[in-house]
Structures are given as C-alpha cells and as structure tokens.
Amino acid sequence: MYGNAYIDPNEKANAMLAGEDPIKLAEFEARIARGEKIEPKDWMPKEYRKQLIRMIEQHGHSEIIGALPEGTWITRAPGFKRKLALMAKVQDEVGHAQLLYSAAETLGKSREDMINDLITGKSKYSNVFNYPAYTWADACIIAWLIDAGAIINQVANAKGSYGPYCRALDRICTEESFHLKYGHDNVVTLATGTPIQRKMVQEALTRWWPPIMHFFGPSDKISSHTEILMRWKVKMASNDDMRQQFLNMYVPKIWDLGLVIPDANLKKNEEIGKWDYTEPDWDEFKRVINGGGPCNAERLAVRRMAEEKGRWVRAALLRKDEKYVTPLA
Amino acid sequence: MEHIKELLYKMADDLLVIGHRNSEWTGLGPILEEDIAFSSMAQDKIGHSQALFQILHELGEPEPDTNAFMREAKQFHNAQFLELQNDDYDFSTIRHFLFDHADQLRFDNLANSSYEPLAKVARKIKGELKYHVFHADIWLNKLGNGNEQSHARMQTALNNAWNYALGMFEKGDYEAQLIADNIFEGEQSLQNRWLSVITPIIEKANLKIPAEKDWEPILGGRKGYHTENLEQLVTEMSEVFRIEPGAEW
C-alpha cells in the first residue's frame with residue numbers, strides 16, 4: 001500500500017540537471033519519450049537515480065510499516081475465514097516490501113542501508129500509517145480504501161520508465177486487487193451487520209477520512225515543481241488527479257453502503273466532472289510527516305526493536321567469503 | 001466417539017495456538033523472508049486446525065468459529081509448549097523444529113487411520129508439512145552452525161524447550177482405545193519415532209539433546225491446565241468475535 005512519494009518542495013528543476021552530459025541526457029529523454037524502459041545498467045541522470053531510489057524505498061518502507069497497524073488485528077480477527085485472509089493479506093504487503101527493496105537495490109542502495117535509513121527516520125514512508133487502527137473496523141477500512149488508493153497510484157506508476165520498478169508494480173497490483181475485494185467484503189459485512197457493527201464501521205470511516213484525503217499527497221497548487229519527474233516518467237500522475245480518480249470510484253460505493261463521509265462540501269460538480277471537497281489540512285499533513293503524528297514514534301520503535309532483536313540472526317547468516325550480489329529485478 | 005473427539009481436540013488446539021503464535025512474527029521477523037515464511041506456516045496451521053474443527057462439528061460439536069473462538073482457556077487441550085510466548089527467534093525456531101517434526105509424523109500416521117474422515121484430511125495436510133519441516137531443518141542447521149552466539153542461543157533454547165516438547169506426547173484418557181481401533185498409533189510410539197528422526201538432525205546442527213536423566217515432560221495441557229500465556233492468547237484471539245458472537249463478521 002502506498003500513496004505518493006513525498007518530494008521536497010525546495011528542490012529546483014535546474015539544480016536537478018546540473019553537471020549532466022547534454023548528449024546523453026537528450027538520448028535518455030528520447031528513449032523515455034519513445035516509451036522504452038530504463039534498465040539497471042543503462043545510463044541515467046544522477047537525479048533520476050536519486051529520485052527513484054527515494055521513491056521505491058519509501059514505497060518499500062510503507063509496505064513494512066503498513067504491516068504493523070493491520071498486523072495487530074491478525075491475532076484478533078473474528079473467525080477462521082477473516083484470520084486466514086488477513087494473514088495472507090499482510091503477508092503480501094511484506095512480500096511487496098521484499099520486491100521493492102530488490103528493485104531499489106538495482107539502483108545501488110542495499111536493503112540494509114534502506115532499512116537503516118527507515119529506522120533512523122532519515123527516509124519517509126506513507127503518512128497514513130502514522131495513524132492508529134483502533135478497532136477491527138479500522139483495519140477493514142484500511143484494507144478497502146487505503147488499498148484502493150494505493151492501487152490508483154501504483155497502476156499509474158507501473159507505466160513509468162524504470163523497468164524493475166514497473167515489473168514489481170505489475171505483480172503488486174495483481175495482489176492488491178485481491179486486497180481490495182477482501183477489504184470491500186469486510187466493510188460490506190459490517191455496514192450491513194448489527195447496529196454495533198454499523199457503528200464501528202462508521203466511526204472508523206470518520207477517523208480515516210482525513211488521512212485518506214491526505215493519502216495522495218499535497219494539492220498540486222502547493223506541491224513542488226515536478227515537471228522533470230513527469231517527463232522522466234518517474235511521477236506519472238498529479239496528486240490531485242489521483243485524488244479525483246479515487247473520489248470518483250469510491251465515494252458512490254461508500255454512499256451505497258449508507259455510510260456518511262465526514263465532509264459536508266463533498267459533491268460532484270457535474271459541469272466539470274470533478275469532485276468538490278473541503279481542502280484537507282496540509283499543515284496537519286506536514287506535521288505528521290515530520291514526526292508529529294499519533295503513531296510515528298511507536299511505528300519506528302517497533303521496527304527498531306525488530307531490527308535489534310533480529311541482529312544476531314543476520315550476523316549468524318553472514319559468510320566471509322560470500323560477495324554481495326545485486327538482486328535480479 | 002469420545003476417543004476420536006479427544007484426539008481431534010488436542011490436535012486442533014495445538015494447531016490453532018501455534019498458528020496464532022507463528023502469525024505474531026508478521027512484520028517483526030529478523031529478515032523479511034522469515035516474516036513471510038512464518039506467515040505461510042501460520043496460514044497452513046490455522047487452516048489445518050479449521051479442517052479438524054470441521055470434523056468435530058460433523059461429530060456434533062459446535063461449528064468451527066464458535067468452538068475455536070468462544071471457549072475459555074481451561075477448555076483448550078493444546079500442549080503447554082505451543083502457548084508459550086514466541087520470545088526470540090531462537091526459541092521460535094526450536095519450537096518450530098520440535099513441533100513440526102512431531103506434527104508431520106502424527107499426520108503421516110493418521111493418513112492410514114481407520115477413521116476415514118481424519119485419514120482423508122491427514123493425506124492432504126501431510127504434503128504441506130514437508131515444507132514446514134524442510135524450513136525448520138534448514139534454520140536449525142544455519143543457526144546451530146552459525147557463529148558462537150547463535151550456537152549458544154540455540155542450545156539454550158533447546159534446553160529450555162525440551163521438557164515442554166516432551167509434554168506434546170501426554171497421553172489422553174482414551175489412548176488405549178485409539179490404538180486398539182487403529183485410529184492412531186499412540187503417543188509413546190509417536191514420541192519414539194520423533195526422537196529417532198530429530199536426533200541426527202540436532203547432532204548435525206552441532207546441538208545436544210538434554211541428558212535423559214533430566215527429562216521431565218511438562219504435562220497438563222491436554223487436560224486443560226495451562227500457563228497464563230494461553231489466557232492472554234485466547235482473550236486476544238476472541239476479542240472481536242465476542243463483541244457480537246452471533247453476528248457474521
């Protein structure tokens with residue numbers, strides 16, 4: 001599950017291209033314009049490599065951190081069917097992290113370095129996982145709507161220019177489409193269930209709506225200059241376009257279930273075919289992404305603890321004569 | 001049918017409880033690949049448990065969800081070994097190794113049980129257990145022969161686990177009847193076969209089974225006596241289900 005890469009708004013376009021060989025750069029851009037994929041051993045601008053590593057790495061981190069809020073509900077899932085399905089779903093998410101770290105490794109950063117950057121707080125993960133899953137219904141809403149958002153983002157990015165990332169995303173999207181069905185089935189069960197169940201799911205939706213609206217990243221109006229990243233097919237869709245796509249696909253389904261979305265301004269503007277909504281609180285978004293959310297400290301502490309507890313296992317696996325090999329991707 | 005129910009309950013509870021424990025590694029393993037491996041095994045164990053609860057249901061017991069999620073800890077028949085906390089990866093790996101070999105040998109035997117519904121399920125399950133045992137053997141060997149620290153950790157974990165593991169072979173009240181009816185070979189026979197299978201693998205991992213004079217099986221689990229760990233596990237497992245037990249979740 002993943003929203004959108006958080007791109008530093010202070011980076012300027014001309015600085016991104018400084019020092020690049022203009023002929024190689026032109027060839028590179030022509031290849032992308034023709035729809036070719038860039039492969040690990042091909043020439044690429046330094047900034048392309050840097051942005052992709054950051055983006056794929058953030059995506060990988062989001063998968064393993066995302067396993068935490070949902071993972072706590074595996075041991076509480078009500079009944080065999082739900083327990084088995086949630087285990088399989090969260091296992092998929094961890095598997096996605098494995099695929100993504102492998103894809104990022106082809107760009108020259110080891111998995112170990114990426115995980116170190118995660119647990120030291122140097123690299124980010126999807127902001128949405130800094131919020132708690134208070135009840136079983138929260139886990140159901142995450143599985144449906146956060147995964148739905150992730151699919152929109154990932155289907156777009158799967159058409160990007162970096163071969164290993166696209167191939168990983170193709171596999172990930174196939175699995176995510178099952179998660180979406182799983183999540184939807186859960187929410188339907190609760191929304192059509194007993195009064196207690198309906199109350200649980202409504203409360204979960206109310207809690208999760210602001211993070212869902214934040215999920216695709218800041219509004220294009222205040223977002224950074226991403227023209228080069230779009231041209232390089234690193235970033236494939238604007239944040240607002242993805243948000244609109246999500247609203248278009250899922251608001252009617254949510255309303256169909258008789259659930260109330262906590263935004264009085266939410267309605268489709270039929271003239272322009274777009275949704276009006278209350279602008280999400282982007283100060284809150286920035287505060288949370290920079291460590292001020294309800295679960296940032298806890299998520300990283302759990303991940304650090306897992307890394308620390310597993311250190312002796314990894315040390316026991318090391319062989320002096322074995323060389324580091326970049327994974328095939 | 002009480003003898004068959006006794007056998008099914010202890011197996012179903014063993015698998016439910018170890019499946020639950022295995023699933024607790026999700027997101028927390030020492031490497032991602034091990035999160036994924038333990039999750040796969042957890043899914044198999046929970047699935048196997050469900051299959052056995054289904055047979056119990058066909059014998060007149062409550063339907064699987066209610067049976068698994070609504071009993072109190074003292075009504076569980078799992079061996080205490082399986083309810084202990086995961087602790088570190090050393091204990092989890094040792095338990096995985098000791099339990100899965102017993103589990104595989106048990107289902108191998110039950111594949112020829114005279115009680116056909118169980119034999120049928122056992123024939124399907126035993127194919128999956130091959131991979132659980134394969135995984136356990138690899139890790140026992142890697143960590144037993146890894147470095148000084150991993151070796152010491154694994155030996156300590158084996159020492160701590162051993163008497164609990166022997167408790168898996170606690171006999172039930174209907175033991176003699178199960179053997180006489182060719183339903184199950186019996187716990188003593190199973191334990192003997194288990195020892196002969198695991199001993200060479202443990203030796204190859206450079207580890208030692210505790211001296212026989214110190215063997216004191218920790219019993220009681222089969223009769224509903226448990227550690228406080230099971231109480232916590234059952235409370236957590238049934239937390240959502242008990243909000244509205246009659247509802248569809």
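The following questions and answers cover helix packing, the nonpolar core and the chain contact in this predicted model.

User: Why is helix 5 of chain B called oblique to helix 9 of chain B?

Analyst: The axes of helix 5 (residues 89-110) and helix 9 (residues 187-204) of chain B cross at roughly 125°. Angles of 65 to 115 degrees count as roughly perpendicular, and those over 145 as roughly antiparallel. The value of roughly 125° fits neither class, so helix 5 of chain B is oblique to helix 9 of chain B. The axes come within 10 Å. The crossing is right-handed.

User: Which residues make that contact between helix 5 and helix 9 of chain B?

Analyst: Helix 5 of chain B brings B:Leu98, B:His101, B:Ala102, B:Leu105, B:Arg106 and B:Asn109. Helix 9 of chain B brings B:Leu190, B:Arg193, B:Trp194, B:Val197 and B:Ile198. By class, the contact has 7 nonpolar, 2 polar and 2 charged residues.

User: What makes helix 5 of chain B oblique to helix 7 of chain B?

Analyst: Helix 5 and helix 7 (residues 148-166) of chain B pack at about 50°, with axes 9 Å apart. Under 35 degrees would count as roughly parallel, and 65 to 115 as roughly perpendicular. About 50° falls in neither range, so helix 5 of chain B is oblique to helix 7 of chain B. This crossing is right-handed.

User: Which residues of helix 5 and helix 7 of chain B are in contact?

Analyst: From helix 5 of chain B come B:Asp90, B:Phe91, B:Ile94, B:Arg95 and B:Leu98. Helix 7 of chain B supplies residues including B:Met154, B:Ala157, B:Leu158 and B:Ala161. The contact counts 8 nonpolar, 1 polar and 3 charged residues.

User: How do you know which residues touch the most other members of the largest nonpolar core?

Analyst: Core members are joined through C-beta atoms within 7 Å. Of the 155 residues in this core, A:Leu52, A:Cys140, A:Ile141, A:Val201, B:Leu8, B:Ala12 and B:Leu52 touch the most other members. Helix 6 (residues 136-157) of chain A gives the most to this core, with 14 residues.

User: What does A:Ile141 touch, beyond residues up to four places away in sequence?

Analyst: A:Ile141 touches A:Val187, A:Ala204, A:Leu205 and A:Trp208.

User: How many residues of chain A are in contact with chain B, and which helix supplies the largest share?

Analyst: 37 residues of chain A are in contact with 43 residues of chain B. On chain A, helix 4 supplies the largest share, 12 residues. The side of chain A that touches chain B has 21 nonpolar, 11 polar and 5 charged residues.

Methods
Residues numbered from 1 in each chain as written. Chains lettered and ligands numbered in written order. Predicted model: local features only at pLDDT ≥ 70, side-chain atom pairs only at ≥ 80, totals over all residues. Buried ≥ 20, exposed ≤ 12 C-beta atoms within 10 Å, placed from the backbone. Helix = DSSP H or I, 4+ residues; strand = E, 2+ residues; numbered from the N terminus. Contact = placed C-beta atoms within 7 Å. Nonpolar A, V, L, I, M, F, W, Y, C, P; charged D, E, K, R; others polar. Axes fitted to C-alpha atoms, helices over the stretch in contact; angles between N-to-C directions. Left-handed = near helix turned anticlockwise from the far one by under 90°.
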